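Here's a quick walk through a few local features of one protein model. Have the structure open and follow along.

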Amino acid sequence: RYQFLKNSPTDAEVFLQRQALLQINTTSLFGLSGEEAQKTAIQFLERKWVSFASSDAHNPYHRTPDLLEGYSFVATNFGETVANDIFSNNPLAVIKEIEK
């Protein structure tokens, strides 16, 4: 959803080269954050740049924390391995690293 990345998605490579981890919001996958955010999120997935997916939830009534639809979209379009990594395996790895 960051404007500078929507304007020039390849600028994300600078962050990746510095070993940053990138996150997309599932709301972006479905165009709920705008068409450009959707295009950018899908482009990042295509380039295998995404480390995490989030719900962008703020409360249980608005932008709800339902990740199942996003998981299903990613699994269908990019494979279950990718979906498992960005929705489960990578977040768990961060938690385990923090607990060390």
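## How two helices cross

Keep in mind that this is a predicted model. Start with the pair formed by helix 4 and helix 5: helix 4 passes helix 5 in a right-handed crossing. Helix 4 covers residues 35-46 and helix 5 covers residues 68-78, and their axes come within 11 Å, crossing at roughly 50°. That angle makes helix 4 oblique to helix 5.

## One residue from each helix

Pick A41 as a marker on helix 4. Is A41 buried or exposed? A41 has a relative accessibility of 4%, so it counts as buried, the cut-off for that label being under 20%. Looking back along the chain, G31 is ten residues from A41 in sequence, and the two C-alpha atoms are 9.6 Å apart.

On the other side of the crossing, S72 sits in helix 5. With 36% relative accessibility, S72 counts as partly exposed, because that label goes to values between the 20% and 50% cut-offs. How far apart are S72 and A41, in sequence and in space? They are separated by 31 residues along the chain and by 15 Å from C-alpha to C-alpha.

## Positive phi in two loops

Next, have a look at the backbone in a couple of loops. Q19 isn't a glycine, yet its phi is positive, at about 65°. You'll find Q19 in the loop that runs between helix 2 (12-17) and strand 1 (22-25). Its relative accessibility is 71%, so Q19 counts as exposed.

K48 is another non-glycine residue with a positive phi, here about 60°. Its loop lies between helix 4 and strand 2 (50-54). What about its side of the burial question? K48 counts as exposed, because its relative accessibility is 72% and the label needs over 50%.

## A nonpolar patch on the surface

Which residues form a nonpolar patch on the surface? L21, V94 and I98 do, and together they have about 290 Å² of accessible area.

I98 is worth a click of its own. It lies in helix 6, which spans residues 80-99. Its relative accessible area is 65%, so I98 is exposed.

## Putting it together

To recap, helix 4 and helix 5 meet in an oblique arrangement, with the buried A41 on helix 4 and the partly exposed S72 on helix 5. Out in the loops, Q19 has a positive phi, and K48 has one too. The surface patch is made by L21, V94 and I98.

Notes. Residues are numbered from 1 along each chain as its sequence is written. This is a predicted model: local features need pLDDT of at least 70, side-chain atom pairs count only at pLDDT 80 or more; totals for chains, interfaces and linings use all residues. Side-chain values use heavy atoms; hydrogens and water are left out. Patches are made of residues with over 30% relative accessible area and no salt bridge: like charges are joined within 9 Å, nonpolar side chains (Val, Leu, Ile, Met, Phe, Trp, Tyr) within 5 Å. Accessible areas come from the Shrake-Rupley method with a 1.4 Å probe; for residues, only the protein chains shown count as cover. A salt bridge is a side-chain nitrogen of Lys or Arg within 4 Å of a carboxyl oxygen of Asp or Glu. Helices (H or I, at least four residues) and strands (E, at least two) are DSSP runs, numbered from the N terminus. Buried means under 20% relative accessible area, exposed over 50%, partly exposed in between (1.4 Å probe, protein chains only). Axes are lines fitted to C-alpha atoms, for helices over the stretch in contact, and angles run from 0 to 180 degrees between N-to-C directions. Angles under 35 degrees count as roughly parallel, over 145 as roughly antiparallel, 65 to 115 as roughly perpendicular and the rest as oblique. A crossing is left-handed if the near helix is turned anticlockwise from the far one by less than a right angle, and right-handed if clockwise.
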